[in-house]
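Work through the exercises below with the structure open beside you. Try each task before you read its solution.

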Amino acid sequence: MMQSKQITQFIRILLGFTFIVSGIVKLFPVDVLEINIVRFSGFSWLYAQYIARILIGFEIALGILIITGLYNKIIIQVTLVTLCTFSIFLVYLHFIVGYTQSCGCFGALISLKPVESLLKNIVLLGFTLFLIKKDSSPIHIQKTYTKLFTLIILIVGCAIPFIFAYPNKKITSNYTVTESSHIHNETLRYVTDNHNKTHSLLEGKKLIVFLSTSCKACKLAATKLAVLVNPEPEESSLFFIFLESNTIIEELIEFHEETQSGHIPYTIFDIQSFFSISDVYLPFLLYLENGKIRHISNYSDMNPRQVISFFSTQ
């Protein structure tokens with residue numbers, strides 16, 4: 001009897017701990033979850049910032065409540081519904097969308113494909129059904145304080161994402177751009193992309209992004225831009241310029257797989273040509289209109305609404 005109780009407690013702690021860890025790792029960085037929300041739900045970046053943090057807070061609070069056993073029957077049922085909902089979404093990703101990259105279930109820390117995460121959820125569902133069958137609470141708190149403790153856990157859990165990753169409402173630019181700011185570097189006049197097509201990056205509206213394949217912030221920026229701007233090949237309003245390296249071809253394959261940005265035209269510059277235009281802080285986003293600089297940013301001050309506004313205004 002004692003051994004059965006210990007097994008039940010172990011499964012309860014393991015299940016709750018999984019939810020807590022899943023929530024916490026999504027915070028570093030939270031951008032990965034925001035990107036997936038925008039990519040698969042259609043919500044705007046403004047709403048995605050809050051949805052991501054609410055979801056993370058929910059996972060953390062649920063994990064703590066599973067371990068404590070407060071409102072045990074209700075919480076385990078909520079856990080069951082949550083896992084079923086996540087699993088249905090994973091089935092949709094894998095079998096309907098055909099998405100084979102990391103689903104972001106454990107943020108950027110652990111890369112799990114949808115089918116792998118689905119198998120993980122099946123195991124967790126087994127644990128949940130086991131706990132439903134046992135239906136026992138590991139701790140006993142006076143009924144008077146049950147609601148209070150539950151409320152505190154919910155508040156703390158939901159507050160954690162906003163404390164450690166507060167959403168940016170107003171983003172201050174790292175650079176100052178004046179009306180007379182122009183690009184005079186003729187290197188961008190005519191550039192040949194990866195499909196041997198020539199582009200004039202000093203004509204029309206262009207967002208030119210200088211990237212390094214080894215830069216984590218560059219990967220996040222590329223992923224966001226691939227979701228925000230899905231250009232037709234002939235328009236090439238978004239253009240990537242990569243810093244040359246000895247293994248650039250292999251690195252680009254991995255970069256495009258991870259960021260899902262392979263549809264965006266790009267070229268490779270040697271170090272001298274690259275830094276004759278780009279700042280040393282990467283990624284370096286250059287918003288141009290007929291060669292005139294409209295805006296400059298890095299990843300830290302990259303504003304999705306700025307990107308959308310840039311291409312939507314005439």
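**Exercise 1.** Leaving aside its neighbours within four places in sequence, which residues is Phe 240 in contact with?

*Solution.* Keep in mind that this model is predicted. Start with the partners that come before Phe 240 in the numbering: Val 209, Leu 211, Ala 222 and Leu 225. Then add Ser 261, Ile 264, Pro 265, Tyr 266 and Thr 267. Next, place Phe 240 in its surroundings. The largest nonpolar core has 58 residues, and Phe 240 is among those with the most contacts inside it. Leu 188, Phe 210, Leu 225, Ile 241 and Leu 286 are the others named for this. H7 gives the largest share of this core, seven residues. A second, separate core has 14 residues, including Leu 62 and Ile 75.

**Exercise 2.** Decide whether Lys 219 is buried or exposed, and find its side-chain polar contact.

*Solution.* First, locate the residue: Lys 219 sits in helix H7, residues 216–228. Second, take its relative accessible area, which is 18%. Buried means under 20%, so Lys 219 is buried. Third, look for a polar partner. The side chains of Lys 219 and Glu 258 form a polar contact of 3.4 Å. Last, list what else Lys 219 touches beyond four places in sequence: Thr 213, Phe 255 and Thr 259 are among these residues.

**Exercise 3.** Find how many residues of helix H2 are buried, and name what covers them.

*Solution.* H2 spans residues 31–41. Eight of its 11 residues are buried. Those eight are Asp 31, Val 32, Leu 33, Glu 34, Ile 35, Asn 36, Ile 37 and Val 38. Their cover includes helix H3 and H7. Just after H2, Gly 42 has a positive phi of about 90°.

**Exercise 4.** Describe the two largest pockets by volume, lining and class of residue.

*Solution.* Begin with the idea behind the search. Rolling a probe the size of a water molecule over the atoms shows where empty space is left.

- Largest pocket: about 600 Å³ of space. Its lining has 21 residues, and Val 32 and Glu 258 are among those nearest the centre. H2, H7 and helix H8 each give two or more residues to this lining. By class, seven are nonpolar, eight polar and six charged.
- Second largest pocket: about 520 Å³. Its lining has 25 residues, with Leu 33 and Phe 86 among those nearest the centre. Here 14 are nonpolar, eight polar and three charged.

Terms used
Residues are numbered from 1 along each chain as its sequence is written. This is a predicted model: local features need pLDDT of at least 70, side-chain atom pairs count only at pLDDT 80 or more; totals for chains, interfaces and linings use all residues. Side-chain values use heavy atoms; hydrogens and water are left out. Helices (H or I, at least four residues) and strands (E, at least two) are DSSP runs, numbered from the N terminus. Buried means under 20% relative accessible area, exposed over 50%, partly exposed in between (1.4 Å probe, protein chains only). A polar contact is a pair of N or O atoms within 3.5 Å; within protein, one must be able to donate a hydrogen and the other to accept it, and residues adjacent in sequence count only if both atoms are side-chain atoms. Contact means heavy atoms within 4.5 Å. A nonpolar core is a set of buried Ala, Val, Leu, Ile, Met, Phe, Trp, Tyr and Cys residues joined through side-chain atoms within 4.5 Å. On a 1 Å grid over the protein atoms alone, a cavity is a set of points where a 1.4 Å probe fits but cannot get out, and a pocket is an open set with protein on both sides within 12 Å along at least five of seven lines; lining residues have an atom within 4 Å of a point. Grid points are joined across faces, edges and corners, and a volume is the space filled by probe spheres set on the points. Ala, Val, Leu, Ile, Met, Phe, Trp, Tyr, Cys and Pro count as nonpolar, Asp, Glu, Lys and Arg as charged, and the others, Gly among them, as polar.
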